[in-house]
Amino acid sequence: MPILSPWYDFRDLGNAAARLADALRDIDAPEGVVYALVGLLGAVGVLLFVGLTTLVNIWVERRLIGRMQVRRGPNRLGPFGLLQPVADAIKLMQKEALTPRLADGLVFTLAPVVIFIPAILAFAVLPWGEKMVLADLNVGVLYLLALGSTNSLIVFMAGYASNNKYALLGAMRVIAMLISYEIPGVLSLLAVVAFTGTMSLSGIVDFQANYWSWLLFFQPLALVIFLLGSTVELNRSPADIAEAESEIIAGYHIEYSGMKWGLFYAVELVNSIAISAVIASLFLGGWWTFGLEEFVPGWLIFIGKIYACYFLLIWFRGTLPRFRVDQLMAFAWKFLLPMALVNILLVALEITVWEEFDLSAGAVLPVFAVVNFALAGALVAGWARVMAAQFERFPRRARLVPDIDVPLPAEGGGHAARAAV
Amino acid sequence: MVIGFWALAGLTVGAAAMIIVVRNLLHAVLFLILSFVGIAGVYITLSADFVAVVQVLVYAGAIAVLMIFAVMLTPLSARDNAENVLQLPALVLSGLVITGVTFVALETDWRLAGRGEFDSTAEAIGEALVSPFVLPFEIASVLLVAAMIGAIVLVRED
């Protein structure tokens, strides 16, 4: 797209902002005012998107999970229950937000407010179109990871300030989870950054547009690791050990009620959308889709991709049972971390081959794609089998007692049975 | 830029002061995190975007978690900033350090860099780590691996 498209070119709303900035400069407005106005415009746009999607997603998520679990979900209020989120919000605002007497008052109140800061800030670096990016940081990927790491601290604030042992348990679980899952997350994105050679999100999208392909095809392992890792950091089922209703009741937000609880609920949805958007722009090409963005506005494509990823997250939530705490930690350290390290080695090798032998992208990228996909499949399947081998002594299918090599927990057990044989 | 710098500096120093003033140890940790975030902001005003983000990731993310673990796993801390006999020596020592740092800062003939383009610093840092500073970098990684193995050995049961 040319730099000076007309302002009504709605394929990229960045055009309108650029024209507005030019118009302001024409009337000799100070540079600070131009900067502030255009920034404010972008921020309002992002906030509008976040607010609207959150309202819509409450309904989408409940309906979809209902459908997956053979229920109906909210269907009474308005057509298809569409007004349910509004009713929920009104109810939450009317409710009294209790503060326990022995709670740490200020921190207790601050936590649900502060938790929105990293969630909203994550949207600043997302490229919605070629020029439609609010803050094109050249450390964008790292910025997102940094925001994700602060999120868990705020959850800890909530859990600690509630002065409730279940809340504290949930908070400590969040901290343990953060330590474990930050590492595979960082390493998987490191592979992406090494492959594309840039840390800016729009740079990565440009890379994909430039080579006419999605990063999904070259980095399947990184996608799997990041998707699984971020599902856990989102604190959603199957990894919602921090709130686990059946174990620690509601974890860190057990003492929260009314709108304070509502903020935690909303921020979870905002974070899911943010993670979906990150996956969409890193691995699925963002606003770029094989030339389709010439006809359909890039930001609409991007929103479509966000919702595709979000559907995947809902699918996880609706169908998978919750992990135990130790299983979740073991999954990070014994499965995701080795996979991420192997992936980095692979990417480093490929980049070196690509640059040292000065090969053309057209010749080398298809080979990378095939090799990476084959290796990713083999690695995941093979490592899962190796990991599962040690659990084989708890048989999943019925077997004759003499075939099992270990003593059974029952009295006499396998030894007695074997002796009998 | 100047307003931003002073606001961030105020935030950082204020939060740092609150760390010693507040009674509750967990509050102290939270103020420490706030102070780390303030420092990250100062880095941004210095055009060091990479260092700023890493500051948040490592200090506000990882180091703060370490602190929280330390506080939560220390039963004797009783969740309070205790009084002890070292208050006066600590005051004197920190006073001396502040005086020394201020003196150096005021007396040094700083080379002032002009405000040029906002360069990407990540590449430069990466290049520096693997070419001129490769030996310290490798030594640090070996040290970290040794610490990790040590930690694993310490907690092994058999």
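What distance separates the centres of domain 1 of chain B and domain 2 of chain B, taken over C-alpha atoms? In this predicted model, the separation is 25 Å. The two domains of chain B span residues 1–81 for domain 1 and 123–158 for domain 2.

Chain A has 15 helices and zero strands. Of its 421 residues, 43% count as buried. Among contacts in chain A between residues at least 6 apart in sequence, those joining residues at least 24 apart make up 74%.

Helix 4 of chain A, residues 105–114, illustrates how burial is distributed around a helix. Its buried residues are A:F108, A:A111 and A:P112. Viewed down the axis of helix 4 of chain A, these buried residues fall within an arc of 80 degrees, so they line one face of the helix. An α-helix has 3.6 residues a turn, so residues three or four places apart point the same way. The face of helix 4 of chain A turned away from the buried side carries the exposed residues A:G105, A:L106 and A:V113. The cover over the buried residues of helix 4 of chain A includes helix 6 (140–161) and helix 11 (258–283) of chain A.

Helix 6 of chain A also packs against helix 7 of chain A, at an angle of about 175 degrees and with the axes 8 Å apart. Angles over 145 degrees count as roughly antiparallel, and helix 6 of chain A is therefore roughly antiparallel to helix 7 of chain A. On the helix 6 side of chain A, the residues making this contact include A:V141, A:L145, A:S149, A:S152 and A:G159. On the helix 7 side of chain A, they include A:G170, A:A171, A:V174, A:L178, A:E182 and A:G185.

The loop between helix 6 and helix 7 of chain A contains A:N163. This residue has a positive phi of about 55 degrees although it is not a glycine. Most residues other than glycine have a negative phi. A:N163 is partly exposed, with 15 other C-beta atoms within 10 Å. A positive phi near 55 degrees is also found at A:V70, likewise a residue other than glycine. A:V70 lies in the loop between helix 2 (31–68) and helix 3 (84–94) of chain A. It is exposed, with 6 other C-beta atoms within 10 Å.

The largest nonpolar core has 127 residues, and those with the most contacts inside it are A:L142, A:A171 and B:V53. Helix 7 of chain A, residues 165–196, provides the largest share of this core, with 17 residues. In soluble globular proteins, nonpolar side chains tend to be buried together. Leaving aside residues up to four places away in sequence, B:V53 touches A:V139, A:L142, A:Y143 and A:A146.

Which helix of chain A gives the most to the side of chain A that touches chain B? Across the two chains, 20 residues of chain A are in contact with 18 residues of chain B. Helix 6 and helix 7 of chain A each supply at least two residues of the side of chain A that touches chain B. Helix 6 of chain A gives the most, with ten residues. Helix 6 of chain A thus joins several parts of this account: it helps to cover the buried residues of helix 4 of chain A, packs against helix 7 of chain A and contributes to the side of chain A that touches chain B.

Technical notes
Residues are numbered from 1 along each chain as its sequence is written. Chains are lettered from A and ligands numbered from 1 in the order in which they are written. This is a predicted model: local features need pLDDT of at least 70, side-chain atom pairs count only at pLDDT 80 or more; totals for chains, interfaces and linings use all residues. Domain bounds come from an automatic or database domain assignment. Helices (H or I, at least four residues) and strands (E, at least two) are DSSP runs, numbered from the N terminus. A residue is buried if 20 or more other C-beta atoms lie within 10 Å of its own, exposed if 12 or fewer, and partly exposed in between; C-beta atoms are placed from the backbone. Two residues are in contact if their C-beta atoms, placed from the backbone, lie within 7 Å. The arc is that of the directions from the helix axis to the C-beta atoms. A nonpolar core is a set of buried Ala, Val, Leu, Ile, Met, Phe, Trp, Tyr and Cys residues joined through C-beta atoms within 7 Å. Axes are lines fitted to C-alpha atoms, for helices over the stretch in contact, and angles run from 0 to 180 degrees between N-to-C directions. Angles under 35 degrees count as roughly parallel, over 145 as roughly antiparallel, 65 to 115 as roughly perpendicular and the rest as oblique.
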